[in-house]
Amino acid sequence: MIITFLGTGCMVPTKERNTAGVLITYKNENILLDCGEGTQRQLIIAGIKPTKITKILISHWHGDHVFGLPGLIQTLGASEYSGKLKIFGPKGTEKKFRNLFENLDIEITIDYDIKDISKEIFFENKEFRLEALNLNHGLPCLGFNFVQKDVRKIIMSKIKKLGIKQGPKIGKLQRGDSIKHKGKIIKSNQVSRIIQGKKITYIADTELCDNCIKLAENADILISESVYDSTHKDKAREYKHLTSRQAGLIANQAGVKKLVLTHFSQRYKNTQSIEEDARTVFDNIICAKDFMKINIT
Ligand SMILES: [Zn+2]
Ligand SMILES: [Zn+2]
């Protein structure tokens, strides 16, 4: 699993930082979290073909999170996008999306499906699920979880020792069932172990609220907005954003393993004060940069 940071700036892009965009790559899935202006070019620079995108999750309809949509969708149409793009967002997303393209007079030529998210688990397959909770940002706004499901791994050395041959018996053990072998019952957990799935949480723009902690509970990686450090906490309150210290508090209270701060105001020439502010309450922190990748194994 790879997380690619496509845009780590806030409302106004800078030379170093584009507007919001994070990509989660997992097997054949490329899930784009927010799509600020210029996201398609960021993808290209990062060496990722835009046509590889399978899902787009929109946190909220502020420009720095959605202005990249028309360009990206048009490019997919011109590139013979062969999949079915799934787009999810908060209440009003479907209407806003259709109105946007209608007003621009752009015909959407790709196969796609767009949905307003109305329940916590809004997508699930055998390998992972996607969850959303409401955040407080003054308009419908969601935070997201990507939760990889636990997998059972057969310990081949034990299988060999017992003399179990490749075939349906191993399939049964893999599914967690017991088998009968040489007159004995072999339980699945005697020859396998569970590998816990990873959890990535994305907290987009919000003020501090209970759902931030609920969403991030026990996450392996928490990607959190961190527009200001605490010296600008009044501004953070006024615009319903988090300070980096508050992002640290969420990570601390939710039992997160690693906190990645992003979405910095253009006022910060470097992230030293942001990082120090968060570090007063949480240790394992990094500040994201555009094109930074995190490999999760
Ligand atoms: Zn924003
Ligand atoms: Zn916003």
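Guide: A salt bridge is counted here when a side-chain nitrogen of Lys or Arg lies within 4 Å of a carboxyl oxygen of Asp or Glu. The structure under discussion is a predicted model.

Visitor: With which residue does Lys115 form a salt bridge?
Guide: The closest N and O atoms of the pair are 3.1 Å apart, and the cut-off is 4 Å. Lys115 is partly exposed at 43% relative accessibility, and its partner is also partly exposed, with a relative accessible area of 24%. The partner of Lys115 is Asp113.

Visitor: How many salt bridges does the rule give?
Guide: The pair of Lys115 and Asp113 is one that satisfies the rule. Applied to the model, the rule gives a count of 10.

Visitor: How many residues apart in sequence are the parts that Lys55 and Glu29 tie together?
Guide: Lys55 and Glu29 form a salt bridge whose closest N and O atoms are 3.0 Å apart. Lys55 belongs to strand S4 (residues 55-57) and Glu29 to strand S3 (residues 29-33), so the pair ties together separate parts of the sequence. Their separation in residues is 26.

Visitor: Is Lys55 buried or exposed?
Guide: The limit for a buried residue is a relative accessible area under 20%. Glu29, its salt-bridge partner, falls below that limit at 14%. The relative accessible area of Lys55 is 4%, and therefore Lys55 is buried.

Visitor: Which residue meets Asp220 in a salt bridge?
Guide: The N to O distance in this pair is 3.1 Å. The pair links distant parts of the chain, 37 residues apart: Asp220 is in the loop between H7 and strand S15 (221-225), and the partner is in the loop between helix H9 (244-254) and S16. Asp220 is buried at 11% relative accessibility, whereas the partner is exposed at 52%. That partner is Lys257.

Visitor: Which residues are the protein donors of the zinc ion (ligand 1)?
Guide: The donors lie 2.1 to 2.3 Å from the zinc ion (ligand 1). Along the chain they follow the spacing D-H-x139-D-x57-H. The donors are Asp64 (OD), His65 (NE2), Asp205 (OD) and His263 (NE2).

Visitor: What is the geometry of the site of the zinc ion (ligand 1)?
Guide: The angles among the four donor atoms run from 91 to 154°. A tetrahedral site would need all angles to lie between 85 and 135 degrees, and a square planar one would need opposite donors over 155 degrees apart. The site of the zinc ion (ligand 1) is therefore classed as irregular.

Visitor: Which residue coordinates both the zinc ion (ligand 1) and the zinc ion (ligand 2)?
Guide: The two zinc ions are 3.5 Å apart. The residue concerned is buried, at 2% relative accessibility. It makes a polar contact of 3.1 Å with the side chain of His65. The residue that coordinates both ions is Asp205.

Visitor: In which helix is His65 placed?
Guide: His65 is buried, with a relative accessible area of 1%, and its side chain makes a polar contact of 3.4 Å with that of Asp64. Residues more than four places away in sequence that His65 touches include Ala20, Cys35, Tyr202 and His263. The helix that holds His65 spans residues 63-66 and is H2.

Visitor: How far apart are the C-alpha centres of domain 1 and domain 2?
Guide: Domain 1 takes in 2-150 + 196-287, and domain 2 takes in 152-193. The distance between their C-alpha centres is 41 Å.

Methods: Residues are numbered from 1 along each chain as its sequence is written. Chains are lettered from A and ligands numbered from 1 in the order in which they are written. This is a predicted model: local features need pLDDT of at least 70, side-chain atom pairs count only at pLDDT 80 or more; totals for chains, interfaces and linings use all residues. Side-chain values use heavy atoms; hydrogens and water are left out. Helices (H or I, at least four residues) and strands (E, at least two) are DSSP runs, numbered from the N terminus. Buried means under 20% relative accessible area, exposed over 50%, partly exposed in between (1.4 Å probe, protein chains only). A polar contact is a pair of N or O atoms within 3.5 Å; within protein, one must be able to donate a hydrogen and the other to accept it, and residues adjacent in sequence count only if both atoms are side-chain atoms. Contact means heavy atoms within 4.5 Å. Domain bounds come from an automatic or database domain assignment. Donors are N, O and S atoms within 2.8 Å of the metal (3.2 Å for Na, K and Ca); water is not among the atoms, so sites may look incomplete. Four donors count as tetrahedral if all angles lie between 85 and 135 degrees; four count as square planar and six as octahedral if opposite donors are over 155 degrees apart and all others between 65 and 115; anything else is irregular.
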